[in-house]
Every structure is written in structure tokens, then in C-alpha cells.
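Dear colleague,

Please find below the structure I am handing over to you, together with its sequence. My findings follow directly after it.

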Amino acid sequence: MSKQFDVIVIGGGPGGYIAAIRAAQLGFNVACIDEWKNAAGGPAPGGTCTNVGCIPSKALLQSSEHFNHANHHFAEHGITATGVSMDVAKMLARKNTVVKQNNDGILYLFKKNKIAFFHGRGSFVKAAEGGYEIKVAGAAEETITGKQIIIATGSNARALPGTPFDEVNVLSNDGALNIGEVPKKLGLIGSGVIGLEMGSVWKRLGSEVTILEGLPTFLGAVDEGVAKEAFKAFTKQGLKIELGVKVGEIKNGKKGVSVAYTNAKGEAQTLEADKLIISIGRVPNTIGLNTEAVGLALDERGAIVVDGDCKTNLPGVWAVGDVVRGPMLAHKAEEEGVAVAERIAGQHGHVNFNTIPWVIYTSPEIAWVGRTEQQLKADGVAYKAGQFPFLANGRARALGDTTGFVKFLADATTDEILGVHIVGPQASELISEAVVAMEFKASAEDIARICHAHPSLSEATKEAALAVDKRTLNF
């Protein structure tokens, strides 16, 4: 007889493990199934985010930033550093340690919350009385039964047609995090989050980096002013970014990768690289779920079809995170996971897609929430804009990083904050104030009247809010 659970979560990434923990806190008997393995074959819950995404990329960004500062910025602080070198193997080992700490932390939380963890791949068998039978294919195959099923199986890197990932020369985000030595020439296809972050890591360590982007605009989803400032900063750092290209034949050989492409002028070009990272988006992961066994509906992208509450077409089956509609962000998945657990408990879980922050952890960092200026113009919304540069911020000067600015967009009549866009130091931390403000329907004047510590980068947020009404306190 199979083991019985109130809630079974398939997938242990940010959406899955958070959903499992919240469901357990609400008194349910919970199981979580996850198949990620560490190098020793043991469980490694945390999904793409923890294993080959958010966490390891930030570890490498931090290491490469330290290296860059030691080589190029210590001297201005009066610090002499000679013979600075990078031990890539040690850098990767530190990254792996950070990942394992997060894996182990999730396993500890499962134990603490009395969640049954199954290491293997979960898939539907059939609808059963009062729920569904789920097969776990791991070291030993077994079947468990759940009244409510939450699918949180995440996404996979999208490959270019005809150019499979070999994770040696042609790399996904996984392979990009495990390059064993600094490549002399690194090519990237796609100038999104992964492309820019990984390009930044290896450029700081000495690679000659070229990014090929098919779209004619840089960071099209970002506020235009922020995108222009970021493009200028990245170009100054030495990243070569070509926009409006059309990629042709890609040859993967023993000595590296050759990419034939046409540039924006229509001229035939060739990029020769030791390694090629392809970061052209991600696709929902429903591989092996056996959705057809229960009639679970998928859309044309392969994503699981859900309504506004993350309910699928099947009673008692829910889906969250990258495997459903909406932005593929770890924190979006977490919010949906909590909301679904609360809805199962009869509560009113809530996710506000309008206040989900976006961050690119480059240098300068890029972060935003709400609508961009171009979106407001397209929608015919009357708005006011205020902007303040970090160049005029005392803390930014002391840090030695004055790139970028904070930009506020507010309703022309009510002054309600409609969007906040930041490019500059610690933008990922500063954006949280804007998220809180927008959740509470704050006005730009509310932020302007709040006391901010001096000196702090957050004063730039206050000044940008003041600038909405053409005021300033920075003389």
C-alpha cells in the first residue's frame, strides 16, 4: 500500500520547497519529491536557483568582483596589491560550498517541519480515490498518494536548434558556472540576465567577451534610460555587445566554437571563441511528469495551464514557478508556493505580479519594479518622472562607485508610485523600499518625506522621489 499524504510537492526548487514548508506549517502531512543530485549522488534540493542559477552565479560574481577590485581599484584606496592572480579551481570550490550549504539548509528545514523527502523523479500514475498516485523513480521505485498535488518542476535552458549543449564548448547556464579555466575568448548568444552576469564574471577574470543579441535594442524589457546607462557602463568595462544580429551556422570543434552571423548592417561576420554560452531563455520543464496519464493541460509553450490562483484543469492539482505563466523568477515562485499552500488551507493567498522586483546582478546592478516609462507612454498614462544620479550621492562617492541613477515614475494626478528603476551600486537592495511603497500604494511624496540615513545610497531614492515634483535637498 502506498504512503498517504495530504499534499505532495513535485520539485524542490524555490517554489516547491517553500510550498512544502508553508503547507506543513498549516498542519498538513506533506511530502516533497526532488531529483537534483550533488557530485556524490546525494540529494541537492533547491532547483535551478540553488544548484545552477541564482546562488552559484552570485558566488562567482562576488569572487570576480573581489579580483577586479584588487587589480584595478585597491590602489586608489592606498592599498598596494601586486602579483594578484585567480585560482579558478578554488573559486569554483567556494561556489560549490555555498551551493551545498543551501542544499543542506533546505534538507534541515524539511526535517524541522516534518516533511517527508523523496529523492527521485516524480510523475503521475493515475487519479486515485481522493487524490492522485505519484511514482517516485529514485534509488528504489515507490508509489505515494496525495490528496493535493503541487507541481513545481521549474524550467530548462533553451537550446538553439541544431546546436545542442555539450557543456564542454557549447554551454548552458550549468556549464557556464563550471568553466575550469579562464577562456581567452568567450562568446555569448543572448544579452539577458544570464548572458550579462556570466559575461561579467569571465570578463573580470580576463576573457575577451563578445555578446551577440538578436534584438535591435538592449534590454528591451528595462526602462530605456536605465538600459542606455547600463549599455554605456558595460561597453566601458570592455564587454563587446552586438545588437540586431542573425546567428547562422555554429561549428563546435576540438579547438573551440565558430559562430557565423550577420550583423545589424547585414554584413557577414564570424565569431571564434574558446567557449560559447547560449542564454536565449528557458522552457518549462514537464519532462517525465506523465501529464497524459491524468489529462493535465499544457499550453503551446509546454507550460502547465493555470488560472489566477495557480489551479490547473484537474481538481486538487496546482502548479507554480517557472513551469507556469509569468516571469521566471525564484521569488515569484516562492510567492506562488506560499499562496497555493494557503489556498489549500482555505485561506486567501495572494500574489501581486505588479510589484515583483527584477534584478540583474552585474556591476552596475540593475533593478526595477512596476512599469517603465515606455510602457506608461504606450498606455497613455499621464505621469511625472524624477531622477537622481549616484554621482551626487555622498555614500556612492565614498564607495568609489557613482555609476547610474534612481528613477521614479508617479501618477500625474494622484502621485501614486507607478514604477521605480535603478541602475547603480546595490540596486538589488535599494529596490525593496520601492516594492514596499508600491504594495502600500504610497505616493512619491511619501518616500520624499521619510527620513533616510545619511550618508546612504538610499538617499538617492529619496532625492529621486523629491525630483518627481522638481525638488531637491542635495545642494
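The notes below take up the nonpolar cores, one sheet with its helices, and two buried sites.

Please bear in mind that this is a predicted model.

The largest nonpolar core comprises 35 residues, and Trp202, Leu219, Phe234 and Ile366 touch the most other members. Several elements each supply at least two residues of this core, among them helix H3 (54–72), helix H4 (88–112), helix H6 (193–204), helix H7 (224–237) and strand S18 (365–370). Strands S8 (185–189) and S9 (208–212) also each supply at least two. Leaving aside residues up to four places away in sequence, Trp202 touches Val88, Met91, Ala176, Ile179, Glu181, Val182, Pro183, Leu186, Ser207 and Val209. Another core, of 30 residues, lies apart from the largest one; Val420, Ile431, Ala442 and Ile447 are among its members.

Turning to the sheet, five strands form an open arrangement in the order S17-S18-S21-S20-S19, with antiparallel pairing. Its edge strands, S17 (358–360) and S19 (383–389), each pair on one side only. On average, and ignoring direction, neighbouring strands of this sheet are turned by 10 degrees against each other. S17 and S18 pair in the antiparallel sense over three bridges, and Trp358 stands opposite Trp368 in S18.

Two helices are to be noted in connection with these strands. H7 packs on the sheet, where it touches S18, strand S20 (405–411) and strand S21 (417–424); the direction of H7 makes about 5 degrees with that of S21. Helix H11, residues 427–439, lies across S17, S18 and S21 and runs at about 10 degrees to S18.

Why is helix H13 (residues 458–467) described as largely enclosed by the rest of the structure? Ten of the ten residues of H13 are buried, so the description follows; buried here means under 20% relative accessible area. The buried residues include charged-type names such as Glu459, Lys462 and Glu463 alongside Ala460, Ala464 and Leu466. The cover over the buried residues of H13 includes S19, S20, H11 and helix H12 (444–449).

The last site is Glu336, which lies in helix H8 (residues 330–344). Is Glu336 buried or exposed? With a relative accessible area of 1%, Glu336 is buried, because buried means under 20%. Not counting residues up to four places away in sequence, Glu336 touches Cys310, Val320, Gly321, Val324, Arg325, Val351 and Phe353.

With kind regards

Notes: Residues are numbered from 1 along each chain as its sequence is written. This is a predicted model: local features need pLDDT of at least 70, side-chain atom pairs count only at pLDDT 80 or more; totals for chains, interfaces and linings use all residues. Side-chain values use heavy atoms; hydrogens and water are left out. A nonpolar core is a set of buried Ala, Val, Leu, Ile, Met, Phe, Trp, Tyr and Cys residues joined through side-chain atoms within 4.5 Å. Buried means under 20% relative accessible area, exposed over 50%, partly exposed in between (1.4 Å probe, protein chains only). Helices (H or I, at least four residues) and strands (E, at least two) are DSSP runs, numbered from the N terminus. Contact means heavy atoms within 4.5 Å. Two strands pair if DSSP finds at least two bridges between them. Axes are lines fitted to C-alpha atoms, for helices over the stretch in contact, and angles run from 0 to 180 degrees between N-to-C directions.
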